[in-house]
Amino acid sequence: MTRLAEARLWPLLAFALLVGLQAAILMVSLGGLPDSPGWAPVVPWLGFAALAFTVLLAVSVMGGLSRAQARARKAQRTLEEAIDALPASVEIFDQDDRLVAYNRRLVEIYPHMLRAFQRKASFEDLVRESLERGGIPEARGREDEWLQERKDARGRQTAPLLQRVHDDMWLRIFECRTPSGGIVGVRMEVTDLIHEQQSLAASRAQLKATIEAAGNGILTLDSGGHVLEVNPSTEQLFGFSASELQGVHIGMLFGSTGDLMHPQDLLGTPREFSARHRSGERLALQLTVAEVRTDTIHLYVCIVTDFTERHRQEERLKRANELLARQSTTDGLTGVGNRRLFDQLLQQEWQRGTRSGRPLALVMVDIDHFKQYNDRYGHVTGDDCLRRVATLLRSCVGRGSEAVCRYGGEEFAMLLVDTDLAGAQVVAQRCLDSVRLAAIEHEGSPVRRSVSLSIGVAACVPDTGTPPQRLIEAADRALYDAKQGGRARLICQQLA
């Protein structure tokens, strides 16, 4: 730090004048006083005594003054060293706005301006030199205007001035006017802070752009679960504007109430909820909640994923699979089960019967002389006859109508669960009577003038030692016997 003032010499001059005065008195005294002979011997001694006292006083005062000056120099040196050690630059201008003192940090910031500092240049000259060197990027292209604005605000700023200087260095400048009219300035480098703020601002801008462009709904909630902010996807998802959603409790959006839903309870695993669009359309949504807690804020961020279309697709796929499954086990002509379904049901019910010990019956049905029917009426009418017979058989079975299957050609099979031979015989007789009463015309039949059935019935209690094929063989033999016995009848056979 440069010295603010040089040590003053007036005390030395005052004491020198006092010593000279005493010396003059002594010389006058030595010249003699003719009118006062009695005082002649005394005066010289008095003069010498006064001179000695003055010398002693001068020596004492000079010693004290020397010690005070030494202490002042030490204090000033300590102050200078302390100010030089500051991380911020310090600059002092007098009432004419000329630089009178500065520390080492100012030179480190502006090394190219050292000579201007040394010659105690004015503030305007210092700024002009910095502008000429291009050291103030924000003033380029408008140097004179910027300089005038800077001078007008000099010492009047209520807030520190942020300024970018050479080599992308950022300074925060504090200026304060002193009572004597001078100005004290402090410049602190805040480059790292500015870069961090710029990086943070860029990150915030990037985050905002990401949130704005996100396909998922994003909501910010306060600690009580009320909406603070939403992104455009949320507006589109629910059909409400951001202003309409602000302040709404999250429970209202997801079909609940504030007492039943709190963000804290939703942390962790994503949850699926149903909600409604403004139009009333039902939505299937997944909600993921994260907590943001610092010393000053407590928020929740919710990400809402719309699964409505996916659920619709899943439902359509489920129905398609069910339809495909039905088609794969349904006879396309008659609408009853096909041979594949019959085989599956037989295997399934046989295993169940072996565990429960309940009986299982099989009714095999054949349309009598169906070839002659087709020959006389044609295959289209023959297909219609098959459909009518299938419908009649299902109505006779009742609640177990899904067990009616087309076994092949004009032959049908009915699997009756928990039914013994007597019960199966009742069902078989009902089928015979139902078809007879339907009176489906069949002029080509040698049996009667309408369609008739031949039925074979077999029943047993399944066991693990007997394959289910044995039940089919028994029912098929009974059907064969019914045909051989003149048709339009049923034959029962109990499988041992």
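**Entry 1: helix H13 against helix H14**

I take a helix axis as a line fitted to the C-alpha atoms over the stretch in contact, with angles running from 0 to 180 degrees between N-to-C directions. The model I am working from is predicted.

I looked up H13, residues 370–377, and H14, residues 379–397. Two packed helices are described by the angle between their axes and the distance between the axes. I noted both for this pair. The axes of H13 and H14 come within 7 Å. Their crossing angle is roughly 135 degrees. H13 is therefore oblique to H14. The cut-off matters here, because only angles over 145 degrees count as roughly antiparallel.

Which residues meet in this contact? From H13 I listed Phe370, Tyr373, Asn374 and Tyr377. From H14 I listed His379, Thr381, Gly382, Cys385 and Leu386. I then sorted the contact of H13 with H14 by residue class: five are nonpolar, four are polar and none is charged.

**Entry 2: the chain as a whole**

I stepped back to the whole chain. The chain has 16 helices and 15 strands. Of its 496 residues, 37% count as buried. I also checked how far the contacts reach along the sequence. Among contacts between residues at least 6 apart, 54% join residues at least 24 apart.

**Entry 3: His369 and His442**

I went back to the start of H13. His369 is in the loop between strand S11 (360–367) and H13. Its phi is near 50 degrees, a positive value, and His369 is not a glycine. Most residues other than glycine have a negative phi. I flagged His369 for that reason. Is His369 buried or exposed? His369 counts as buried because its relative accessibility is 17%, and the limit for buried is under 20%.

His442 touches His369, so I looked up His442 next. The loop that holds His442 runs between helix H15 (421–438) and strand S14 (453–460). His442 has a relative accessible area of 0%, so it is buried. Leaving out residues up to four places away in sequence, I found His442 touching Asp368, His369, Gln372, Tyr373 and Tyr377. His442 also touches Arg448, Arg449, Ser450 and Val451. Tyr373 and Tyr377 turn up again here; I had already listed them in the contact of H13 with H14.

**Entry 4: Thr334**

I followed Leu386 of H14 outward. Leu386 is one of the H14 residues that meet H13, and Leu386 is also in contact with Thr334. Thr334 lies in the loop between helix H11 (308–328) and helix H12 (339–356). How far apart in space are Thr334 and Leu386, C-alpha to C-alpha? They are 6.5 Å apart in space, and 52 residues apart in sequence. Leaving aside neighbours within four places, Thr334 also contacts Arg387, Ala390, Arg406 and Phe412. Thr334 is buried, because its relative accessible area is 11%.

**Entry 5: the cavity**

I searched for cavities of 30 Å³ or more and noted one. Its volume is about 200 Å³. It is lined by 17 residues, and the closest to its centre are Tyr110, Phe123, Leu126, Val127 and Arg187. By class, the lining divides into 12 nonpolar, two polar and three charged residues.

Which elements give two or more residues to the lining? I listed strand S1 (89–93), helix H5 (123–132), helix H6 (143–152) and strand S3 (161–165). H5 gives the most, with four residues.

I picked Val127 for a closer look. Val127 sits in H5. Its relative accessible area is 9%, so Val127 is buried. Beyond its neighbours within four places in sequence, Val127 contacts Trp146 and Leu147. I also noted its spacing to Glu143: 16 residues in sequence and 9.9 Å in space, C-alpha to C-alpha.

**Entry 6: Asp97 and Thr305**

Asp97 is in the loop between S1 and strand S2 (99–102). S1 is one of the elements of the cavity lining. Asp97 has a positive phi of about 60 degrees, although it is not a glycine. I put Asp97 on my list beside His369, which also has a positive phi.

Last, I looked up Thr305. Thr305 is in strand S10, residues 298–306. Its relative accessible area is 17%, so Thr305 is buried. I set aside its neighbours within four places in sequence and listed its contacts as Asn216, Ala284, Leu285 and Gln286.

Note on methods:
Residues numbered from 1 in each chain as written. Predicted model: local features only at pLDDT ≥ 70, side-chain atom pairs only at ≥ 80, totals over all residues. Heavy atoms only, no water. 1 Å grid on protein atoms, 1.4 Å probe; cavity = no way out; pocket = protein on both sides within 12 Å on 5 of 7 lines; lining within 4 Å. Points joined across faces, edges and corners; volume = space filled by probe spheres on them. Nonpolar A, V, L, I, M, F, W, Y, C, P; charged D, E, K, R; others polar. Buried < 20%, exposed > 50% of the residue type's maximum accessible area, 1.4 Å probe, protein only. Contact = heavy atoms within 4.5 Å. Parallel < 35°, antiparallel > 145°, perpendicular 65-115°, else oblique.
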